[in-house]
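Colleague: Got a minute to go through this one with me? Put it up and I'll ask as we go.

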Amino acid sequence: MADERFISIEGIARRYPAPGGSTTVFENLWLGIPRGEFVCMIGHSGCGKTTVLNVLAGLDAVSDGEVIVDGKPIDGPSLDRAVIFQSHALLPWRSVLGNVAFAVTSRWPKASRVEVEKRARAAIALVGLAGSEHKRPAELSGGMKQRVGIARALSIEPKILLMDEPFSALDALTRGTLQDEVRRICLSTGQTSFMITHDVDEAIYLADRIVLMTNGPQACVAEIVENPLPKDRARTGLHHAPGYYALRNHLIDFLVTRSASFRDAKPEGYDQRHPPLIRPTLNDTPRQAA
Amino acid sequence: MASLASFRVSPALRAGLVSLAILTVLLLAWHLATSGSGPVQAMDPEYAKLMGKTATEGKSAMPGPLDVGRTLWGHLRDPFYVKGANDKGIGIQLAYSIARVAAGYLAAVLVAVPVGFLIGMSPLMGRALNPFIQVMKPVSPLAWMPLALYTIKDSQASSIFVIFICALWPMLINTAFGVASVRKEWLNVARTLEVRTLRRALTVILPAAAPTILTGMRISIGIAWLVIVAAEMLVGGTGIGYFVWNEWNNLSIANVISSILVIGLVGMALDQLLARAQRLVTFPE
Amino acid sequence: MSSFDDAFDPTRRLHRGGCSCGAHASQAAHEAELSADQQIERVVQGGVMRALFPRDATRRAFLRAVGAPAAMAAISQLLPLGTISDALAQGAKPEKTDLKVGFIPITCATPIIMAAPMGYYSKQGLNVEVVKTAGWAVIRDKTLNKEYDAAHMLSPMPLAISLGIGSNAVPYTIPAIENINGQAITLAVKHKDRRDPKTWKGMKFAVPFDFSMHNYLLRYYLAENGIDPDTDVQIRSVPPPDMVANLRAENIDGFLGPDPINQRAVFDGVGFIHVLSRELWDGHPCCAFAASKSFITEMPNTYGALLRAIIEATAFASKAENRKQVAEAIAPANYLNQPLTVIEQALTGTYADGLGNIRRVPNRVDFDPFPWESFAVWIMTQMKRWGQLKTDVDYAAVAKQVFLATDAAKLMTEAGLTPPTATSKTFFVMGREFDPAKADAYLASFPIKRAG
Ligand SMILES: Nc1ncnc2c1ncn2[C@@H]1O[C@H](COP(=O)(O)OP(=O)(O)OP(=O)(O)O)[C@@H](O)[C@H]1O
Ligand SMILES: [Mg+2]
């Protein structure tokens, strides 16, 4: 991709006041995300993934450093960066259409009622919910609610899509279909996306790159793994793809052992500013790129 | 005894039948308890003419259900008569009371909701105003009355003020609480959509807090109705509270009981009105 | 002595029985012959006469010496009595015609109330709404707030208001007393064999208000019988309708209450009338027609018209043969809201006493507007006696301020004349003579008292 650093996280830190000083969730964190790329972040609970995402969304402020998006530093939430919340966060007193329209009017305040509705309906159709426009969130299943959340995020045509474990509360079947949809939409629109997940298979299916976070406190990006699987991979046949197990084992190894030991036994030449980029080959065990 | 259970009676109907049975038993007991003992003792007829029925016929000082029913029917049949400044029909008196409640209550809504919003949205204001609210809230309505009369120097305005001040706190506290406890994620949705403060207050916070606010309003209308009766008993002039007081002055217990029933019914109606409003703004999650 | 009496009549007897001129079977019959205008004139002239000669004995001596017509003529030359009477009788156009006058639903308020249904107010070109009020404190506050232009009050209240006891000091006046007598001590039926007050230790009594003749008379009565009203018994303020209910519930043993509450207790079979207040002090004032000083100075014509209506109503009510008609006018729900027979018994004085007897006491209640200053002084001695009034006051001066803003004095001032000295008389309360000039000695003479 031409734009290597569409999103550039530059040495950010987040500290919380604690009795007798402060705890540092992470500091001196660096990460770049190229335009049009789908990046997944995995790491153990409490390491600070949500914090990173909230900083990107502009919902949380950093204690140090800054984040540059498209050449401009972030100073708060923006319609350019849509968030799909883990808990869908639909406004329960509004219908499906109302929820999506709320986002559309926020994006285009001067748009006519008709146009707002047209855009909202299009977004709803995109996630396959046409026909349910007038249902209330309470009348929807968990998967349908999450689709509305996705439709709402997409309806404002954001430059960046931020997702915090969007499918973790769903059953495997629903999760699968939604993953398919998200991948389809992101591929077709060339959307820049950042997703947090605990599901290694989800990361392998969706991500172009997978960012591995070490355990907190003082978490850091251990490495960035490039996904070697072909772009036209299918979710159902994923585990038959060559290189799949090697990649999966690498990720799980990290989560099981290295994420905890990384901080104390940093590899030689490790530079927080430039976390190592791993390019696993399709047959070999993954190894560090030259 | 072909088994009662075999009757397919809906639960609502069954509850209604039990209510009716309880009512019948209560009315019967009431009737028996107040039916009197017959002429007490031989009395000089000349003297008896000067005495009331309680004294001459041993009639219970407490009216029976029939007396109350008759009295109530009398009021309901002609609710809007005016026989002078101090003698008006029960409908007119109710209208006075409801008008006062409406005035004081609406004023309280107009103050409580915006101020509650302010408190709810600003933790600083919340903490700063909390001591005042905590002190004012438990003050008995009637304790305000002398102060109001003294400062406002108008009994009509004073009773409205007392309604206002008593209806204020539950609404204020509930509004502040409702606003403060709007789910963080909904606020975050608004933030990520760059929704401006006023629109956020109206389209996110207000609907989110509405059920809590309405709960406060419902508590308040109950208090307002309680207070108006007491306030009118105190300052008199007009209103259902004055009506009760006037009949108490005449020791007409049948009238007092009928007014109690009417007050209860109106109170229930007001409560139901707000319950309905509450249902309108409540959202299932 | 009634102010409808002819003060120019040297033979008029000070104590009742028959009428003052002797030509009629009763005072009422005597007064029935006078027209309302004559009544007004009589009150005004009497006021002046009394002002010049406060002592009944002196006045009588003077009249005997010069003869009544000569005295009239002499005084008329000094003071244009006719003008004053005219001003009060015809009055200039009232500054304000829509008035509100508050009352408490008891028979004491009879003149104020009846003036409405019987047209006395409208005759004066006034549109008066008489407003029933829940209690003495409320009527005081509403009058102070100017929601009411004038009001029915207990006669000690304007004194207390003017002195600032129990409220901020606001100059208040009693242009006219409403009724004299008409109260009673009512006891629960269970005490019908316990008539000697000396045996009343430990009983609980109610009075309508702290600043009431009821309170002072009950305390006086108890103290005269060796019962200390503060330590031997309990006395509390209870609104009149609650008195009967409390008596029934045995929360109290009795009360010194206003009519018709006493009669109502009898009517409901819960109490009996132990003693009428006239047996303690015949001719004692009870309730008053009260107005703020500012009302009188700002709206003198309205005040004059109002007062004239009330004086006329009072005159009508004072006649025994009118009492039934008055009872009918004031019994409905709009006014007293009591059974007619109860009001009738209270007003006509033919009543069931609660012990099986029918009693006939025509002056159980009477109506007499003249606000004697000595009444005020007596009330203040009792305020002092029971510790309500804690400072020394100039009795005569306060009495003059509150009770002497009378029709007579006021009209004299309006006519550009210097008002005469205080209008006072001596009287007996339970056999003890009260001389307003010797108020301190009177107060000192009580064995049971809190102060003074
Ligand atoms: N308001 C706060 N005050 C203090 N510490 C906080 C606060 N919010 C988060 N933290 C700490 O920051 C760290 C990172 O939290 P974060 O929510 O980003 O974790 P996470 O990686 O998203 O975890 P999970 O996978 O469970 O969602 C945690 O250790 C948490 O305790
Ligand atoms: Mg998280």
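Colleague: In which sense do strand E7 of chain C and E8(C) pair, and over how many bridges?

Modeller: One note before that: this is a predicted model. Strand E7 (residues 204-207) of chain C pairs with E8(C) in the parallel sense. The pairing runs over 4 bridges.

Colleague: Which residue in E8(C) is the bridge partner of C:Phe205?

Modeller: C:Ile235 is the bridge partner of C:Phe205.

Colleague: Zoom out. What is the strand order in that sheet, and is the pairing mixed or uniform?

Modeller: The order is E8-E7-E9-E6-E10 in chain C. That makes an open sheet of 5 strands, with mixed pairing.

Colleague: Which strands stand at the edges?

Modeller: Strand E8 (234-237) and strand E10 (271-276) of chain C. Each has a single partner strand, so one side of each has no neighbour in the sheet.

Colleague: And the twist from one strand to the next, what does it average?

Modeller: The average is 25° from one strand to the next.

Colleague: What does helix H11 of chain C touch when it packs on the sheet?

Modeller: Helix H11 (residues 240-248) touches strand E6 (183-188), E7, strand E9 (254-258) and E10 of chain C. The helix direction makes about 155° with that of E9(C).

Colleague: Interfaces now. How many residues does the contact take from chain C and from chain B?

Modeller: Chain C gives 40 residues and chain B gives 34 residues. The two chains bury about 2,900 Å² between them. Carbon and sulfur atoms account for 52% of that.

Colleague: Which elements of chain C give two or more residues to the side touching chain B?

Modeller: Strand E2 (127-132), helix H8 (136-144), H11, helix H12 (261-267), helix H16 (340-348) and strand E12 (350-352) of chain C. H11(C) has the largest share, 5 residues.

Colleague: How does that side of chain C divide into nonpolar, polar and charged?

Modeller: Into 18 nonpolar, 12 polar and 10 charged residues.

Colleague: How many salt bridges cross between chain C and chain B?

Modeller: The rule finds 0 salt bridges there. Polar contact is counted for 6 residue pairs between chain C and chain B, both residues at pLDDT 80 or more.

Colleague: Switch to chain B and chain A. How much area is buried between them?

Modeller: About 1,800 Å², with 69% of it from carbon and sulfur atoms. In residues, 17 of chain B are in contact with 21 of chain A.

Colleague: Which residues of chain B lose the most area to chain A?

Modeller: B:Val189, B:Thr192 and B:Leu193. Together they make up 33% of what that side buries.

Colleague: What about polar contact and salt bridges between chain B and chain A, how many of each?

Modeller: Polar contact comes to 6 residue pairs, both residues at pLDDT 80 or more. The salt bridge count is 0.

Colleague: Which helices of chain B supply at least two residues to that side?

Modeller: Helix H9 (184-192) and helix H10 (197-235) of chain B. H9(B) gives the largest share, 6 residues. The chain B side divides into 9 nonpolar, 3 polar and 5 charged residues.

Colleague: Last topic. How many salt bridges does a search of the whole structure find?

Modeller: The search finds 38 over all chains. One of them joins A:Glu27 and A:Arg15, with the closest N and O atoms 3.2 Å apart.

Colleague: Where do A:Glu27 and A:Arg15 sit?

Modeller: A:Glu27 is in strand E2 (residues 21-33) of chain A, and A:Arg15 is in strand E1 (residues 7-18) of chain A. The two are 12 residues apart, so the pair counts as linking distant parts of the chain.

Technical notes: Residues are numbered from 1 along each chain as its sequence is written. Chains are lettered from A and ligands numbered from 1 in the order in which they are written. This is a predicted model: local features need pLDDT of at least 70, side-chain atom pairs count only at pLDDT 80 or more; totals for chains, interfaces and linings use all residues. Side-chain values use heavy atoms; hydrogens and water are left out. Two strands pair if DSSP finds at least two bridges between them. Axes are lines fitted to C-alpha atoms, for helices over the stretch in contact, and angles run from 0 to 180 degrees between N-to-C directions. Contact means heavy atoms within 4.5 Å. Buried area is the accessible area (1.4 Å probe) that two parts lose on being put together, summed over both. A salt bridge is a side-chain nitrogen of Lys or Arg within 4 Å of a carboxyl oxygen of Asp or Glu. A polar contact is a pair of N or O atoms within 3.5 Å; within protein, one must be able to donate a hydrogen and the other to accept it, and residues adjacent in sequence count only if both atoms are side-chain atoms. Ala, Val, Leu, Ile, Met, Phe, Trp, Tyr, Cys and Pro count as nonpolar, Asp, Glu, Lys and Arg as charged, and the others, Gly among them, as polar.
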